[in-house]
Amino acid sequence: TILLNKRLDDTKNIMCLPPDVGTLFDHKHYSYGFQSKYNNVLKNLREECLEIFEIENPEKTAPQDRRIGRIVHENIRFNAERYLGDFFESYGDPIFLESMAFRPLWLNMWDRYVKLTELHKQIRSSDAGLAPTKSLKEAAFNDCGGFSDEEQDALRFLPADKVQLFQDPSARSTNSVFLSLTDILFAFCYEWRVTQGEPSVESAHTISRLSCSFSWLDDFQGDDVRTVILFSLRRALIYPYLRVWKLARKVLADVAKVLLLGKRVVLKCLLQLRRIFERTDTHYLLNKLFVDDCCCWIQTVDELQLQRFAVEFNAAKTAVETYSRESIDANTSKTGLDGRELLGFRLPQLEQWAQEARDEDEEVDDDEEGDHEQILKDSKLSIHGNITPGNGRIPPALLEYSSLPMNRPALFGYLSTDKAEASAESDEIGDVAEKLRNMLAISTNKNDRDKDACKKLIEEIPDKDTTN
């Protein structure tokens, strides 16, 4: 794939130039939008363009330069630390867990369609018969609510003359439009799943960033389904809040189901997307350039043609997810990988290096914990059990710097039961304080990350001759 494996060092000269470097002195106006049929629409909307697109001058940038500029920009924007943070900590994020568990409307439609298909198989040989597969999809769609009143109103406002214009699209334009449709559906399905069907004020921006069609006006001429899938996966790990491979794969499954369910479900998703853009101050332009035309075009698509493309998309998705190659190490057998290896970010290597670093840190932490226990053992202090007044036990919280109390009463209040015993136990308190000071001093030298917290705690510990 183009430039995916190109090293960032090789693009230093390109990075210093504007995205439209290839046409810097070209006065030609290039087309963009649905089927690349728009031009001179954005020339007086510079502020809106800066808000919507990542390309500075769409009118003057050739399609091939948009593609190169986009890939270079993605390589620069990829944040390995952010990706690894989500890789290790995502299952502690409630938004990620809710997004993975969420069931959008098309999943309910899919379950209904599967049940109707099973029923059709059971009674197919009977005299009663049943409607063909095309009607089964329509029945599943209607059983799950069909088009809402608002969506029906939106359909009536779509220009009828545009529907007629898309009756006989050329084979080449149809293929590129199908690819653009998958790119747009991926961005929409991602945001719909993360927001659980309740778009926020940031939804329009997120969708536009996830889609190559929206953010860079990419037309996908001459591309195949696998390439578009990889482009969508790359952007899903660069721009949104959740940059998790498992979530991106789940969104791919959503897109496959939407396509397999037929053009009514696709149209419903496009109408929801149109509604999101229509309520913004800038992104409504994407409706004019893409979404409105796509809503008209999908109504003219033959159902069997869409079905064939859906099968092709599902096969390409499976090929990406189950990708494997021969390991570089000749001593090992075939290594099972997935599409992460194809994205150009060296994700498997990053994950392996990060995991090894985490394992080393855990070993160091275990060694430090052993040192702490030995110090406490030498001091005849136990770290086990609950704290009771006067029992001479150090709370486990004192071993965790992040939870160390910073005031004298909280630190030493458990050593005496009342004021009458304070004088008798002053020597014991001083001994314990001295041992605590030594323990924290040693810990400070071994762990620079908590040096300030330990120093502050040492200052709070009373001197040996200080009474309770």
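This report describes the fold, core, aromatic pairs and selected loop residues of a single chain.

## Overall picture and confidence

The structure is a predicted model. Its chain has 468 residues, of which 46% are buried. The secondary structure consists of 21 helices and two strands. Among contacts with a separation of 6 or more, 75% join residues that are 24 or more positions apart. The accessible surface of the chain is about 24,400 Å², and carbon and sulfur atoms contribute 49% of that area.

The average pLDDT of the chain is 76, and 64% of the residues reach at least 70. Over residues 326-336 the pLDDT is below 50, and the model gives this stretch nine contacts beyond near neighbours in sequence. Residues 127-131 likewise stay under 50 in pLDDT, with seven contacts beyond four places in sequence.

## The nonpolar core

The largest nonpolar core contains 100 residues. Within this core, Trp-106, Leu-181 and Leu-259 have the most contacts. Helix α10, which covers residues 171-194, supplies the largest share of the core, with 13 residues.

The surroundings of Leu-259 can be described in detail. Neighbours within four places in sequence being set aside, Leu-259 is in contact with Leu-181, Thr-182 and Leu-185, as well as with Val-266. The list of its contacts is completed by Leu-306, Phe-309, Ala-310 and Phe-313.

## Helix α15

Helix α15 runs over residues 263-278 and has 16 residues. At 1.5 Å a residue the helix should span 22 Å, and its end C-alpha atoms are indeed 22 Å apart, so the expected and modelled values agree.

Twelve of the 16 residues of α15 are buried, and the helix is therefore largely enclosed by the rest of the structure. Val-266, a contact of Leu-259, is one of these buried residues. Others among them are Val-265, Leu-267, Leu-270, Leu-271, Leu-273, Ile-276 and Phe-277. The buried set also includes Lys-268, Cys-269, Gln-272 and Arg-274.

## Aromatic pairs

A pair of aromatic rings is described by the distance of the centres and the angle of the planes. The model has 14 aromatic pairs. In one of them, the rings of Phe-78 and Tyr-83 have centres 6.2 Å apart and planes at 45°; because this angle falls between the limits of 30 and 60 degrees, the pair is tilted. Phe-78 has a relative accessibility of 14% and counts as buried, while Tyr-83, at 1%, also counts as buried. Another tilted pair is formed by Trp-106 and Phe-188, with 6.3 Å from centre to centre and 55° between the planes. Trp-106 belongs to helix α6 (residues 105-123) and Phe-188 to helix α10, so this pair ties together parts that are 82 residues apart in sequence. Both Trp-106 and Phe-188 are buried.

Phe-78 and Tyr-83 are also members of one aromatic cluster, together with Phe-87, Phe-88 and Phe-345.

## Selected loop residues

Two residues other than glycine have a positive phi: Leu-217, at about 55°, and Arg-346, near 55°. Leu-217 is found in the loop between α12 (212-216) and α13 (225-236). With a relative accessible area of 3%, Leu-217 is buried. Arg-346 lies in the loop between β2 and α18, and at 54% relative accessibility Arg-346 counts as exposed.

The loop between β2 (335-336) and α18 (347-378) also holds Glu-341. Glu-341 has a relative accessibility of 17%; since buried means under 20%, Glu-341 counts as buried. The C-alpha atoms of Glu-341 and Val-320 are separated by 9.5 Å, and the two residues are 21 residues apart along the chain. Asp-302 is located in the loop between α16 (284-300) and α17 (303-321). Asp-302 counts as partly exposed, at 43% relative accessibility. From C-alpha to C-alpha, Asp-302 and Gly-262 are 9.8 Å apart in space, with their positions 40 residues apart in sequence taken as the separation.

Methods: Residues are numbered from 1 along each chain as its sequence is written. This is a predicted model: local features need pLDDT of at least 70, side-chain atom pairs count only at pLDDT 80 or more; totals for chains, interfaces and linings use all residues. Side-chain values use heavy atoms; hydrogens and water are left out. Helices (H or I, at least four residues) and strands (E, at least two) are DSSP runs, numbered from the N terminus. The expected span of a helix is 1.5 Å times one less than its number of residues. Buried means under 20% relative accessible area, exposed over 50%, partly exposed in between (1.4 Å probe, protein chains only). Contact means heavy atoms within 4.5 Å. Accessible areas come from the Shrake-Rupley method with a 1.4 Å probe; for residues, only the protein chains shown count as cover. A nonpolar core is a set of buried Ala, Val, Leu, Ile, Met, Phe, Trp, Tyr and Cys residues joined through side-chain atoms within 4.5 Å. pLDDT is the predictor's confidence in each residue, from 0 to 100. Rings of Phe, Tyr and Trp (its six-membered ring) pair if their centres lie within 6.5 Å; planes under 30 degrees apart count as stacked, over 60 as edge-to-face and the rest as tilted.
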